[in-house]
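Here's a short walk through one predicted chain. Have the viewer open while you read.

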Amino acid sequence: QALVSQMLRAQTQVAESQRQVLTGQKADRYEGIARDASALISAQAIDSRTQKFIELANQVGAQVSLQDTSLNTMYGTVKGLRDSILQALGNNTGRSISVDLDSAFVSGKAVLNTSYAGKFLFGGTRTNVQPFSAANVADLATVASPVASYFKNSPQKAQVRIEQNLAIEHGILANDVGLNMMASIKRLAEYNAATPFGNILTPADRVALQAEVTNLDNALSGIIQLQAGNGFVGTRIESVTIRNQQLEAVNKQLIADLSEVDMAEAISRLNQD
């Protein structure tokens, strides 16, 4: 009976050693590593949560990068309109102003209604509605409609949690990006509809145009501030992602130490068994 009992134990040990060699795992159930089970479960939970944070950070990082590109485009659009007005003032002619307004409107509208992953980038928490609704310059220049009425974004900016105790505000609103420029286009379009800019600018024309140069300067300053804030958010996301990746590496090593066998030792033990 003692011999049979010993042989059965040996067979069990051989089977367990074979399983460890084949799977690389110390046990196939938590009871097999009872002493380390609690630590392993905790490490696996942290690892799963950290992976989700890294995935979210990568998604938001791509969005922040697209926001930076869009802000650069909007800056170029505003500056182009400003430079066109200065050129008109310098040449004392308003022949191209209507065309310049149309061009700036089309470019600006495209930026404001940029979509990413099926959602409008500058819509705030309202991502399923176009943030800017004016169809064209004539529509925008409707006197009875204030420029703010064409912006449909929510007042809340998008947020995301990228670490257990850290949620960041990463969204940018369409009215913050384009309200000032669209207001300038609206005022000039309304002026042009009432008293069209001619081949030679009148004193009143020059006053109206010069005022919008100042307003567009303010719009450029606002976009620069948005770019700085967006850049700060991007840098913060990157630093948090690096920290999460380091934490993930430590957790994976801990999980391996708790659950995986030393393969050389397991093979040696199998041969001995």
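What follows goes from the overall fold to one helix, the cores and a few loop residues.

This is a predicted model, in which local features need pLDDT of at least 70, side-chain atom pairs count only at pLDDT 80 or more, and totals for chains, interfaces and linings use all residues. Residues are numbered from 1 along each chain as its sequence is written, and side-chain values use heavy atoms, with hydrogens and water left out.

**Overall picture**

The chain has 7 helices and 4 strands, where helices (H or I, at least four residues) and strands (E, at least two) are DSSP runs numbered from the N terminus. Along the sequence they follow the pattern α-α-α-β-β-α-β-β-α-α-α. Of the 273 residues, 38% count as buried; buried means under 20% relative accessible area, exposed over 50%, and partly exposed in between (1.4 Å probe, protein chains only). The accessible surface comes to about 15,000 Å², with 53% of it belonging to carbon and sulfur atoms; areas come from the Shrake-Rupley method with a 1.4 Å probe, and for residues only the protein chains shown count as cover.

As for confidence, the mean pLDDT (the predictor's confidence in each residue, from 0 to 100) is 87, and 86% of the residues reach 70 or more. Among the elements, helix H7 (residues 263-272) has the lowest mean, 67, and H3 the highest, 96. Where pLDDT is low, the predicted coordinates should not be read in detail.

**Helix H3**

H3 has 16 residues and reaches 22 Å from its first C-alpha to its last, close to the 22 Å expected at 1.5 Å a residue (the expected span is 1.5 Å times one less than the number of residues). Its buried residues are Ile97, Asp100, Leu101, Ala104, Phe105, Gly108, Val111 and Leu112. They sit on the same side of H3 because they cover an arc of only 130° around the axis, taken from the directions from the helix axis to the C-beta atoms. On the other side, Val99 and Val106 are exposed.

**The cores**

Which residues have the most contacts inside the largest nonpolar core? They are Phe132, Leu140, Met182 and Ile185, in a core of 41 residues. A nonpolar core here is a set of buried Ala, Val, Leu, Ile, Met, Phe, Trp, Tyr and Cys residues joined through side-chain atoms within 4.5 Å. Two or more residues each come from H2 (37-91), H3, H4 (137-140), H5 (174-194) and H6 (203-259), and H5 gives the largest share, 8 residues. A second, separate core of 10 residues includes Val64, Val160, Leu166 and Ile168.

Not counting residues up to four places away in sequence, Leu140 touches Phe105, Phe132, Ala134, Val147, Tyr150, Met182, Ile185 and Lys186; contact means heavy atoms within 4.5 Å.

**Three loop residues**

| Residue | Loop | Relative accessible area |
|---|---|---|
| Asn92 | between H2 and H3 | 28%, partly exposed |
| Asn113 | between H3 (97-112) and S1 (115-116) | 11%, buried |
| Ala117 | between S1 and S2 (119-120) | 69%, exposed |

Asn92 has a positive phi of about 55° although it is not a glycine, and Ala117 likewise has a positive phi of about 55°. Most residues other than glycine have a negative phi.

Asn113 is 17 residues from Gln130 in sequence, with their C-alphas 5.8 Å apart. Leaving aside neighbours within four places, Asn113 is in contact with Phe120, Gln130, Pro131 and Phe132.
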